[in-house]
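Me: I've got this model open and I'd like a close look at one part of it, the sheet that runs across the two chains. Could you walk me through that sheet and then through what lies around it?

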Amino acid sequence: MALPQRKTDIGPPHYEQFLPPVIKKNYGKWKYHEVINNGSMVHVAESGDKLWTVRVASPRLLSTTTIREHCDIADKYCDGFFRYTTRNNVEFLVSDEKKLEPLKKDLSARGFKMGGIGKCITNVVHTQGWVHCHSACTDASGLVKSMMDELYDYFEKKTLPNKVRLAVACCVNMCGAVHCSDIAVVAVHTQVPNINHENFKNMCELPTVIGSCPTRAISPDPAKKSIKINSEKCMYCGNCFTVCPPISIKNPERDGVAIVVGGKINSLRTNPKFSKLVIPYISNEPPRWPKAVAAIKHIVEVYAANARKHERIGEWIERIGWERFFSLTGIDFTFQSIDDFTFMRDTMRTASTFKW
Amino acid sequence: MKKYNTPLIDELEKGPWPSFVTEMKKAAKTNEMSNDALGHLEKCYSTKIGYWKHGGIVGVLGYGGGVIGRYSEIGDEFPGVAHFHTVRLNQPSGFFYTSKALREICDIWDKYGSGLTNVHGSTGDLVLLGTKTDALEAIFAEYSSRGWDLGSSGSALRTPSCCVGPGRCEWTNYDTLGLTYALTQEFQDEMHRPTFSYKFKIKSSGCACDCVASIARADMSIIGTWKGDIKIDQAEVKNYAKTMDINKEIVNMCPTQCMDYDGKELKINNAECSRCMHCITRMTKALKPSGERGATICIGSKAPIVVGSLLSWVIIPFIKVEPPYTELKDLIRKIWDWWDENAKPRERIGEVIEMKGMRSFLEAIGVKPVPQQIKEPRKDPFMFYTEEDIAAYKAKEAEEKKTGKYRF
């Protein structure tokens, strides 16, 4: 069959055609909203119209079968309209309260999980991992699944002092805002890469490879028409591998994950912050990563028991001090948590006032 | 179709959280590529290593991005994923869909691809995961003829994205959906034909809650804000007081200490408010911004590669964000011109600003220095003076001698 005529540079379809009538009518005229429970909230417009949202978890990696099921549900209860969120949830929107309970009942019967609204743990921003990425040192989807199974109650029904945003990056490229999450897992390499000198000269650009190194560990090796890597300077970031395939850095026994905490992206109360390294290394343990999952759950529980209402993890830690965070959590403090890269000046303590 | 034994990833079908493995199995029922992707992933889990190669140059005619080449090192063992390219479809603003549109997307994808997707990728595109090189032109013809274009990849303007904004939020200060659509349409060429030094991301958030994390992961962060007073509905304050300790939870948590509550009336010294959104989000029925609306423009955020993460820096404290967005579009072009002239390959704009200096950048785009741009002034005394700077200071002093009044 002949293909239809292609069109270029048309851009995305205009969003307006996908807005439900209640949103079109009240666009930009919302008055307030209330969180009903972890799985639902209601927005009220200046006109008095109401819009209920039911938020449903998704594994982000979706089959067309499941997307079609979302479509079926939207057809049945939402006149065919629905949306997804930046954190990979699905949201079903109804403007008639009578449809709310039947919608929730149907979602529940189909095995969909509702939650993630308000002061709790919502879906996890994450990267491709072994499912589809060349530079992954772990599997992001597997880690997310393992974490969220363990933290599930905080998604569905339990609340916390404030929201806890989780993220997983399968390498230090950190696609997504992993570096500003309440708790994030970032997969790391721990060894200097190997170089296939024979392929280097055919496949890589010398200046690009040298320029890719943040610590200036790479220098030319003219005899081999290749490069040398100074093992005392290399921090295993893998950026040279990204620009030059004959450099290999993956190592199943040495690749692992690190845990960073205390980041946030909003400006509420305190400014946005980066997440900071607290656990430098846990071995890759597929399929369930039990130690990494236990560490995350432990940090969430210590936060829940100690933080004041409205404090995010980073705000709580800033109030009590990092030395107190380490003593409360019992996490070993190691050299890796002292910045010896770009931020040492700003991160070392410059006063004798601290807690024992 | 080959049946793979997948004991390791089968473990990830247990437990309450929705399982991506179940999704892969659903697609694998009728799709050879997904079936092999399943076997491929099980192998990764058993050896603890990935087998995807670096992307190759694949795409559709006339475009330099939107498709990411992906090949497996072990394509002989798993022929269904020997090619497993990603197609990025540009999402509609705010991720709103109709069932009709999504079913159409699914039908085409089932015909030509793996039946697996990411809804959505981190940048915002609707990601179609896994197809073969010879299917790409057909995929593009099918989607584009139905109104769907490719998103972006590589050293280009990446697909812009935004928060839900006026679609369903009372806090937004501008039309994030409208702006994102307008910028995406304006810069189609910059998206589809990579000519930049590296990627450039634009994200639009309606307020300082920043639901698209623009401050952390957009080279240009457009964050809604306002200039007027916060209007207070004292009757609603009374209602909140029934369930909330207003002094403890609101007044004492205000970062600028500009609020006061005596048990009857809430007062805000608006001149001292920094518009952080804490009180508004906690008492949304009682508090509402008023007056002029617009956005703060921040520049430079990125993830750690190459020399550490950056958060975006404030460069323009306030700008109006109204159709046809001419001022913003002009600003973006000026920013790109300076970046283009000064960047080495694979340098993000934040890194170039660090190398060349904020002054060079601000002067090039015609932005004056104001204290709202900084957390604190310079600490060291090493600074540049141009001849014009000194001449201006001397002229000011000459003026002072005439008037007899100092102007510091």
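Reply: Here is the shared sheet, followed by its surroundings and a few backbone oddities.

A word on ground rules. This is a predicted model, in which local features need pLDDT of at least 70 and side-chain atom pairs count only at pLDDT 80 or more, while totals for chains, interfaces and linings use all residues. Residues are numbered from 1 along each chain as its sequence is written, and chains are lettered from A and ligands numbered from 1 in the order in which they are written.

Now the sheet. It is an open one with 6 strands, ordered β1(A)-β2(A)-β3(A)-β6(A)-β5(A)-β3(B), and the pairing is antiparallel. Its edges are β1 (30–37) of chain A and β3 (96–98) of chain B, each of which pairs on one side only. On average, neighbouring strands are turned by 30 degrees against each other, direction ignored. Strands here (E, at least two residues) and helices (H or I, at least four) are DSSP runs, numbered from the N terminus; two strands pair if DSSP finds at least two bridges between them. Angles run from 0 to 180 degrees between N-to-C directions, and axes are lines fitted to C-alpha atoms, for helices over the stretch in contact.

Zoom in on β5 (81–84) and β6 (90–94) of chain A: these antiparallel strands are joined by 3 bridges. A:Phe82 has A:Phe92 in β6(A) as its bridge partner. Lying across both strands is helix α2 (64–77) of chain A, which runs at about 10 degrees to β6(A).

A:Phe92 also turns up in the largest nonpolar core, which has 215 residues; A:Phe92, A:Val168, A:Ala169, A:Ala184, A:Val186 and A:Ile259 touch the most other members. The largest share of that core, 7 residues, comes from α9(A). Such a core is a set of buried Ala, Val, Leu, Ile, Met, Phe, Trp, Tyr and Cys residues joined through C-beta atoms within 7 Å. Buried means 20 or more other C-beta atoms within 10 Å of a residue's own, exposed means 12 or fewer, and partly exposed is in between, with C-beta atoms placed from the backbone. Leaving out residues up to four places away in sequence, A:Val168 touches, among others, A:Val124, A:Leu143, A:Ala184 and A:Val185. A contact needs C-beta atoms, placed from the backbone, within 7 Å.

The chains meet elsewhere too. Strand β4 (61–63) of chain A pairs with β4(B) in the antiparallel sense over 3 bridges, and A:Leu61 stands opposite B:Asn118 there. Counting everything, 100 residues of chain B are in contact with 96 residues of chain A. On the chain B side, helix α4 (99–112) gives the largest share, 8 residues. That side divides into 50 nonpolar, 30 polar and 20 charged residues. For those classes, Ala, Val, Leu, Ile, Met, Phe, Trp, Tyr, Cys and Pro are nonpolar, Asp, Glu, Lys and Arg are charged, and the others, Gly among them, are polar.

Just past β4(B) there's a backbone oddity: a cis peptide bond between B:Val119 and B:His120, with omega about 5 degrees. B:His120 sits in the loop between β4 (116–118) and β5 (126–129) of chain B. Chain A has a cis bond as well, joining A:Pro286 and A:Pro287 at an omega of about 5 degrees; A:Pro287 is in the loop between β15 (276–283) and α9 (290–306), and α9(A) is the helix that gives the core its largest share.

Two phi values are worth a glance. Most residues other than glycine have a negative phi, and most peptide bonds are trans. B:Tyr325, not a glycine, has a positive phi of about 60 degrees. This residue lies in the loop between β14 (313–319) and α12 (326–342) of chain B and counts as buried, with 20 C-beta neighbours inside 10 Å. A:Asp9, not a glycine either, has a positive phi of about 55 degrees. A:Asp9 comes in the segment before α1 (21–26) of chain A and is partly exposed, with 16 other C-beta atoms within 10 Å.

Stepping back to chain B as a whole, there are 15 helices and 14 strands. Of its 408 residues, 50% count as buried. Its C-alpha atoms fill a box of roughly 90 × 60 × 40 Å along the principal axes.

Methods:
Contact = placed C-beta atoms within 7 Å.
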